[in-house]
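Thanks for coming. I have one structure to go through today, starting with strand pairing and then moving to whole-chain numbers. Please look at the sequence and the model while I talk.

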Amino acid sequence: QGWSFEVPAQWHATVFEDAELPFLISDEGRSMGMMFPFIHATAEDVENELAQPLSLSQGMVFVPAGALMRPESRLRRSYVSEATVGRALAVKGPSDQWMIYFLMGPDSESGNYDDVLDRLADSTRFDAGEGGSHSREGI
């Protein structure tokens, strides 16, 4: 149950030691991105996950801000932390597979987060097993 995506322009991917998944790093700023795969999850499960605060290392906690948005059969949520902001976008694949992309950084760099998240979502392909792949699906 794998997945793939294209790294957006002006970003690069890297895998840190002891990390299972790659991180996205902005080429020109202090923003970064993470991804969270979910297998066997319903839309309600993902909505509940997006409603929870996101705790990262070094005590950084992102709290959901505003309403959950459902543009183009996706789930989108904004977050705030003490000195940074975050945006999450959940994309559904086949067989209740989901990928949540999360971008974070200074508010001054967040103006293009939604565009970057949409490019990630549009490029996401889910492994269908047996060598096949599927595009994202509606919810």
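**Strand pairing and overall numbers**

I'll start with strands β4 and β9, where β9 covers residues 98–105: the two run antiparallel and are joined by seven bridges. One residue to pick out here is M32, which stands opposite M104 in β9. Keep in mind throughout that this is a predicted model.

Now the other partner of β4. Strand β3, residues 23–26, pairs with β4, residues 32–38, in the antiparallel sense, over two bridges. Which residue of β4 is the bridge partner of I25? That is M32, the residue that also stands opposite M104 in β9. β3 and β4 form a hairpin, and five residues lie between them.

Next, strands β6, β7 and β8. β6 spans residues 61–69 and β7 spans residues 75–80; four bridges pair them, again antiparallel. Within that pair, V63 has V80 of β7 as its bridge partner. The two strands make a hairpin with five residues between them. In that turn, E72 has a positive phi of about 50 degrees.

On from there, β7 pairs with β8, residues 85–92, over six bridges, also in the antiparallel sense. An example from this pair is S78, whose bridge partner in β8 is R87. This is a hairpin too, with four residues between the strands.

Stepping back to the whole protein. The secondary structure comes to two helices and 11 strands. Read from the N terminus, the order is β-β-β-β-α-β-β-β-β-β-α-β-β. How compact is the protein for its length? The radius of gyration is 14 Å, close to the 14 Å that the globule rule gives for 139 residues, so the protein is as compact as a globular protein of that length. Along the principal axes, the C-alpha atoms fill a box of roughly 45 × 30 × 30 Å.

Then contacts and burial. Of the contacts with a separation of 6 or more, 46% are between residues 24 or more positions apart. Buried residues are 37% of the 139, where buried means under 20% relative accessible area.

Last, surface and charge. The accessible surface is about 7600 Å², and carbon and sulfur atoms hold 46% of that. What is the count of charged side chains? There are 10 positive and 22 negative ones, and the centres of the two sets lie 7 Å apart.

That is the end of my part.

Terms used. Residues numbered from 1 in each chain as written. Predicted model: local features only at pLDDT ≥ 70, side-chain atom pairs only at ≥ 80, totals over all residues. Heavy atoms only, no water. Pairing = 2+ DSSP bridges. Rg over C-alpha atoms; globule rule 2.2 N^0.38 Å. Buried < 20%, exposed > 50% of the residue type's maximum accessible area, 1.4 Å probe, protein only. Contact = heavy atoms within 4.5 Å. Areas by Shrake-Rupley, 256 points an atom, 1.4 Å probe, with all protein chains shown as cover. Lys, Arg positive; Asp, Glu negative; His and termini not counted. Charge placed at Lys NZ, Arg CZ, Asp CG, Glu CD.
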